[in-house]
Amino acid sequence: MIILLLFLFNSTTTIFKGLFIGIYFWGGIHKFNPCFYSYFSNLHMFGLPYFFKSVVAIGIPLTETLLALGLIFKLTKKYAFIGLVTMHVFILILVFFLFKSYNIIPWNIINCFILFHLFWENQNISFSLEKSKKGITTLILATTILVGPLLNKANLWDEHLAFKMYTYDVNQFYYEVSDKVKTSLPMEIQEYYREDQNGKTFFYLYDWFLSINRVPMYSEERNIIHIENYLKNFLPFGTVFNEELTLKNYRYCK
């Protein structure tokens, strides 16, 4: 909302440039963690060797962070702009043809337009904290760019707000399903049933949500209440919910 309002009323201000640089900076630097490296380097990527995937796992956060910093300086602004637009085009190709996550297509397109307006069309306007007005503007800039993401790093912010989403350091909720209610749940859930080593049936909420919404679920515990109320509609009368459908939580990155 802050970014939208600033763009509508004065899209060339220093604070707006600072916010946008901050988005890309944290988008890269939060991936410098063992969880992102472990997840990405172990992906099945077209039979590529582990060494190559390890280099890519390090290169992604490094490149994204450097491109963000490149927007600050006149000498590198042009190249950083080209790099970030290329990144968005690559994401669009992936989500359109591979992941089919159409919901994030508008966001990537809009970012390209804003990048063009701020850092290409207005090349004479540089980012500098010295040019920003003292007081409330600087306070908003510092708070938004620094404090919010730092709280997220310390698990004091909602878990799904981009800074953790693609590191898989989020709640991976799943339900264990008893044989009694296995066939009672909708087919849209049953197609995502799996079995563990002990033969118990379960399904990840992530799989179910992704198939319906084309975006991952918002993995905060308060949302589980709404999910449980929905699932109860399909259970036989007298079923004890927590016994026949048991909520579990697995964290990929501990």
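Which residue in β4 does Val177 stand opposite? Keep that one in mind while we look around; the model here is a predicted one.

Let's take the sheet. It's an open one with four strands, ordered β2-β3-β1-β4, and the pairing is antiparallel. At the edges sit β2 (194–195) and β4 (245–250), each of which pairs on one side only. Strands like these pair through backbone hydrogen bonds, either parallel or antiparallel. Strand β1 (residues 172–177) runs antiparallel to β4, and six bridges join the two. That's where our opening residue comes in: Val177 has Leu245 of β4 opposite.

Two helices pack on this sheet. Helix α9 (residues 205–213) touches β1, β2 and β3 (201–204), and its direction makes about 50° with that of β3. Helix α10 (residues 224–231) touches β1 and β4 instead, and here the angle with the direction of β1 is about 25°.

Now for a pair of helices elsewhere in the chain numbering. Two packed helices are described by the angle between their axes and the distance between the axes. For helix α3 (residues 34–41) and helix α4 (residues 50–70), the axes come within 8 Å and cross at roughly 140°. Oblique covers angles that aren't over 145 degrees or in the other named ranges, so α3 and α4 count as oblique to each other. Their crossing is right-handed. From α3, the contact uses Phe36, Tyr37, Phe40 and Ser41, while α4 brings in residues including Tyr50, Lys53, Val56, Ile58 and Pro61. Sorted by class, this α3–α4 contact has nine nonpolar residues, two polar and one charged.

Definitions and conventions: Residues are numbered from 1 along each chain as its sequence is written. This is a predicted model: local features need pLDDT of at least 70, side-chain atom pairs count only at pLDDT 80 or more; totals for chains, interfaces and linings use all residues. Side-chain values use heavy atoms; hydrogens and water are left out. Axes are lines fitted to C-alpha atoms, for helices over the stretch in contact, and angles run from 0 to 180 degrees between N-to-C directions. Angles under 35 degrees count as roughly parallel, over 145 as roughly antiparallel, 65 to 115 as roughly perpendicular and the rest as oblique. A crossing is left-handed if the near helix is turned anticlockwise from the far one by less than a right angle, and right-handed if clockwise. Contact means heavy atoms within 4.5 Å. Ala, Val, Leu, Ile, Met, Phe, Trp, Tyr, Cys and Pro count as nonpolar, Asp, Glu, Lys and Arg as charged, and the others, Gly among them, as polar. Two strands pair if DSSP finds at least two bridges between them.
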